[in-house]
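Open the structure in your viewer and keep the selection panel at hand. The stops below go from the whole chain to a single helix.

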Amino acid sequence: MTTTETNKKILDFDYQLQQQDESFPTLSVLNNEGEIVDEEALKRANLTNDDLVEIMKRMVMSRQLDIRSTKLAKQGRFGFFAPTAGQEASQMASSYAFNDDDWLMPGYRDIPEIVVKGWPIWKAILWSRGHELGNVFETEDGKPVNSWMPQIIIGAQYVEAAGIALGLKKRKKDAVVYAYTGDGGTSQGDFYEGMDFAGAYHANAVFFSQNNGFAISTPRKLQTAAPHLAAKGWAAGLPSVVVDGNDAIAVYLVAKEARAWSVAGNGPVFIETLTNRLEPHSTAGDDPLRYRTQADIDEHWKFEPLLRMRAYMEKLGIWSEEIEQAYVEQVNQEIDENIAKADNVEKQKISDFLKHTLEVPSFAMTEQIKKFEEEGK
C-alpha cells in the first residue's frame with residue numbers, strides 16, 4: 001500500500017469507526033439452546049463434569065442469594081443491595097478461574113464473588129447494614145479472604161487493583177488481582193487511571209466490565225460513542241476481549257486465559273462481558289420501568305445464563321430438576337442460618353460508630369464518645 005493510500009485511510013473517519021466495530025467479535029462457546037458452537041474452545045476450557053457442576057452450583061447459589069436478599073431488603077432487614085439476576089455466568093464462571101491467593105476487588109454488585117471465596121453470608125448481610133463486622137474478610141474459621149470491601153465509589157476498585165497488582169508483581173507472587181465494575185464504571189476516571197497504571201507497569205491484573213446494559217438508569221448507548229467497551233482497554237495498551245456474558249463456559253475460558261497471561265508477567269487484560277441486568281439497579285427505590293420497558297426485560301429473561309447451562313448439563317446427564325431443587329433447598333437453609341446469625345450480632349451504638357470513624361479520635365469526638373457512652377448509646 002502506498003503512502004497516499006495509507007493517508008487516505010487514516011483520514012477516512014467512517015472507515016475508522018467501521019474498524020472499531022469489527023475489531024471486537026464476541027467470544028462464544030455455548031449458545032442459548034445449550035449447544036456447543038465451538039468444540040475446540042470447549043477443549044481449551046478443559047472443564048471436567050465436576051467443574052461444570054461446581055460452576056452451576058455457584059450460579060444457583062447466586063440466584064438464590066439474590067432472591068432472598070431482595071426479600072430481606074423489602075422487609076427492612078437488609079441494608080443496601082444491588083440485584084445480580086442475569087449476571088450469574090459473568091460473576092460465577094469468571095471468578096471460578098481464580099484461586100484463593102488471587103485478590104478480588106469487587107464493586108457493590110459483586111457480593112457473590114466474595115462469598116464463593118469463603119466470606120460468610122452473615123458478614124455480607126452485616127456489611128449491607130453498615131456493621132463493622134461486615135468489613136472483616138475472613139472465613140468462618142478465621143482464615144483470611146483475599147478480597148477488599150465492595151467498592152461503593154464507581155470504578156474506584158480499578159485504581160486499588162492496580163496498586164495491589166504491582167505489589168504482587170514486585171514480590172514475584174504467583175497471583176493476580178481481578179476487579180469488576182459495570183458498564184457505567186467505564187465512564188469514570190478511576191477506570192482509565194487504574195488500567196493505565198497497571199498496563200504501564202505490566203502488573204498482574206485482570207479487569208472486568210460487566211456490560212449489563214444500564215449504568216443505574218443510563219442505557220449503554222448513551223454512555224459512550226465507543227462501539228465496544230473493550231476498545232477502552234486498547235487505549236491503555238491492554239489485550240481486550242468481548243465475551244458473551246451469559247455463556248458460562250466462554251466466560252470461564254477467557255478469565256482462565258487472561259489469568260495465565262497476566263501471572264506470566266505479560267501485564268493486565270481487560271474483559272467486557274455482555275449480559276443484562278434483569279432487575280433494578282438497587283433496592284433503594286430504583287424503578288427500571290422508568291428507563292426501559294417490561295417487554296424488554298421479559299425478552300432478556302429468555303437469554304439468562306442459568307437456562308443455557310442447565311440445558312447443556314441436562315444433555316450431559318450431570319444435572320436435573322431434582323438435583324437443582326435439592327441444592328436450592330440446601331442453599332436456602334444455609335441462608336436462613338446466616339440470617340439468624342447476623343440478626344443475633346450485637347447492634348452497634350452511636351459511640352461505636354464514632355470510635356470506628358478514625359483510628360485516633362479527635363478531641364471533639366472523644367468528648368462525644370464519652371457523652372454517648374454515659375447515656376448508654
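The tour starts with the basis of the values and then moves through selections.

The model is predicted: local features need pLDDT of at least 70 and side-chain atom pairs count only at pLDDT 80 or more, while totals for chains, interfaces and linings use all residues. Residues are numbered from 1 along each chain as its sequence is written, and side-chain values use heavy atoms, with hydrogens and water left out.

Select the whole chain and show it as a cartoon. There are 17 helices and eight strands, taken as DSSP runs (helices H or I, at least four residues; strands E, at least two) and numbered from the N terminus.

Switch to the C-alpha trace. Along its principal axes the trace spans about 85 × 55 × 45 Å. The radius of gyration is 22 Å, which agrees with the value near 21 Å for a compact globule of 377 residues; C-alpha atoms are used, and the globule rule is 2.2 Å times the number of residues to the power 0.38.

Colour by accessibility next. Of the 377 residues, 51% count as buried, meaning under 20% relative accessible area with a 1.4 Å probe, protein chains only.

Now select residues 49-74, which form helix H4. Its 26 residues reach 38 Å from first C-alpha to last, close to the 38 Å expected at 1.5 Å a residue; the expected span is 1.5 Å times one less than the number of residues. H4 is mostly covered, with 19 of its 26 residues buried.

Last, select Gly76, which follows H4 and has a positive phi near 80 degrees.

Terms used. Buried means under 20% relative accessible area, exposed over 50%, partly exposed in between (1.4 Å probe, protein chains only).
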